[in-house]
Amino acid sequence: MARRDLSREELFALVWEKPTQQVAKDLGVSDVAVGKLCARLQVPKPPRGYWAKVEAGEIPRRPPLGAFREEIERSRRELARTRSAESLSKLQQQFFRAALSDLQGRGVDVRGTELRGGRLAEVNPDVTVQILLAIQNRGHEWIKEGKVAATWAHPAQSSLAGLVERLLPLARPQLLVFENAYKKSWSTSDGPVVFVRLTSNLQERIAALVRFVRDHKLQHVVMPLMATDHAWSVRHVFTPESRLFLDSTLCISATELWVEYTRKAWRDEDPPERYMTGRLGLKEIMPIDHMPEREVSISPTITRASVAPYRERLVALIEAERVNEMMLNAAYAIEREVPNEMLAIADRLWFGEMRPFSAAREAWRLIEGELERWEGELEIERSMLAQAVLGIEPGDIVTSENRGRPIRLSVTGITLYASDKYVTFVVTGTRFRKDGMIGKLQESISLQFEREALNRRE
């Protein structure tokens with residue numbers, strides 16, 4: 001068996017069946033290479049003295065192969081504990097004790113989390129999340145109430161930010177951190193950032209909503225975030241300016257999570273502004289049991305038989321796109337041809353208060369808004385039709401060929417495009433690596449179908 005063909009489970013079986021030197025010889029590699037492969041795939045090796053016990057007739061206990069995510073998470077927790085062992089400053093200790101006091105007042109069991117010599121103890125991830133949320137929501141109030149001896153100025157905010165940075169690694173994966181989706185600049189600062197507490201109850205609700213999205217072929221659904229489940233952060237510290245945020249909702253698609261929020265405008269007469277955070281992949285944060293998957297193999301060619309049940313729907317979509325393109329061209333041509341000032345002068349000179357030219361321009365602007373909505377509807381129809389023809393949907397695992405080579409993707413999007421000669425179906429997703437784990441590279445599979453075939457009848 002070639003080394004590149006080994007799955008994680010097969011490697012685990014080999015290294016617990018034979019000594020490493022023998023495994024290396026069978027694979028045609030060095031024992032150092034086997035050790036590195038075990039480390040990369042998070043496969044535990046037998047401890048020192050294991051094979052001596054086997055030769056002596058003993059049958060030592062073989063540990064189960066932990067989930068890959070669990071092994072990585074265990075290593076991450078150990079590293080986080082090492083980093084958090086450093087002493088907290090006196091001001092950080094005051095904030096930490098104020099948070100514990102608040103949690104105790106709400107009936108939260110915080111035993112064992114007290115500071116020891118100014119250092120963080122072994123803090124339970126769930127308690128750490130609640131400490132962080134308390135800091136974000138109440139840090140400013142503790143100073144006003146005198147629980148923390150400081151003024152709400154840069155030194156206190158900087159110290160509190162350092163405490164939050166120290167606690168964040170201990171809180172994951174029970175704390176989701178949604179970063180700002182927009183380009184960072186002087187006006188957007190480093191935030192806002194949204195912290196969401198990922199409880200088992202919330203995971204179950206998310207899983208149920210994901211199934212609802214997939215079953216009903218929706219783009220996404222939303223659910224309101226309660227104050228006890230999330231907090232806002234600017235530069236990782238909640239500040240009075242953050243009170244401009246009015247409400248926030250968790251958005252859930254078949255493959256991703258993100259937060260959309262409404263912020264009060266700077267001027268009272270302006271309407272609230274709507275924003276969204278960056279997106280997190282569900283596969284990165286949800287237990288495998290909550291995210292059932294289908295693995296589908298699709299042919300590199302589209303047959304007439306697969307398109308035939310959807311022929312009329314596809315023809316209607318192509319015609320709707322042709323009309324939409326014609327309307328777009330007409331709208332934008334009118335918008336560009338004559339400046340608004342010239343239309344206003346013509347209205348004033350020839351028509352007075354009737355203003356037919358300006359009214360026509362305003363009507364076209366309304367049509368442009370409608371055209372944007374129609375384009376959104378067309379994109380939904382493209383995706384739904386492509387899913388129906390290919391028999392796949394976002395969240396599935398797809399295997400196929402791309403430019404003559406095999407490819408395996410975790411699907412994030414499916415759509416189609418029509419040209420004069422072809423209808424092209426496009427499947428996009430995250431590519432799996434050779435070791436079987438999902439990677440970070442985004443790739444797409446393109447499948448073409450000749451438009452002439454739509455006019456043929458069996």
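## Helix packing and cores in a predicted model

Modeller: This is a predicted model, and in it the axes of H6 and H8 come within 9 Å and cross at roughly 65°.

Biologist: Is H6 roughly parallel or roughly perpendicular to H8?

Modeller: Go by the crossing angle, roughly 65°. Angles from 65 to 115 degrees count as roughly perpendicular. So H6 is, relative to H8, roughly perpendicular.

Biologist: And is that crossing of H6 and H8 left-handed or right-handed?

Modeller: On the H6 side, the contact is made by Leu 91, Gln 92, Phe 95 and Phe 96. H8 brings a list that includes Pro 155, Ser 159, Leu 163 and Leu 167. As for the hand of the H6 and H8 crossing, it is right-handed.

Biologist: Gln 92 caught my eye there. Is Gln 92 buried or exposed?

Modeller: Gln 92 sits in helix H6. Leaving out residues up to four places away in sequence, Gln 92 touches Ser 159, Gly 162, Leu 163 and Arg 166. Its relative accessible area is 9%. Buried means under 20%, so Gln 92 is buried.

Biologist: Now the largest nonpolar core: which element gives the most to it?

Modeller: That core has 36 residues, and those with the most contacts inside it are Ile 131, Ile 135 and Leu 167. The elements giving two or more residues are helices H6 (90-105), H7 (125-145) and H8 (154-171), plus strands E1 (175-178) and E2 (193-197). With 9 residues, the one that gives the most is H7.

Biologist: Beyond its neighbours within four places in sequence, which residues is Ile 131 in contact with?

Modeller: Ile 131 ranks among the residues with the most contacts inside the largest core. Setting those sequence neighbours aside, its partners are Phe 96, Ala 99, Leu 100, Leu 103, Val 123 and Leu 167.

Biologist: How many residues are in the other core that lies apart from it?

Modeller: Members of that other core include Leu 390, Val 423, Ala 453 and Leu 454. Its size in residues is 27.

Biologist: Over to H2: what arc do its buried residues cover around the axis?

Modeller: In H2 (residues 20-27), the buried ones are Thr 20, Val 23, Ala 24 and Leu 27. An α-helix has 3.6 residues a turn, so residues three or four places apart point the same way. The buried residues lie on the same side of H2 because their arc is only 100°.

Biologist: Which helices do the buried residues of H2 pack against?

Modeller: The face turned away from the buried side carries the exposed Gln 21 and Lys 25. The buried residues of H2 pack against H1 (8-17) and H3 (31-40).

Technical notes. Residues numbered from 1 in each chain as written. Predicted model: local features only at pLDDT ≥ 70, side-chain atom pairs only at ≥ 80, totals over all residues. Heavy atoms only, no water. Core = buried A, V, L, I, M, F, W, Y, C linked by side-chain atoms within 4.5 Å. Buried < 20%, exposed > 50% of the residue type's maximum accessible area, 1.4 Å probe, protein only. Helix = DSSP H or I, 4+ residues; strand = E, 2+ residues; numbered from the N terminus. Contact = heavy atoms within 4.5 Å. Arc of directions from axis to C-beta. Axes fitted to C-alpha atoms, helices over the stretch in contact; angles between N-to-C directions. Parallel < 35°, antiparallel > 145°, perpendicular 65-115°, else oblique. Left-handed = near helix turned anticlockwise from the far one by under 90°.
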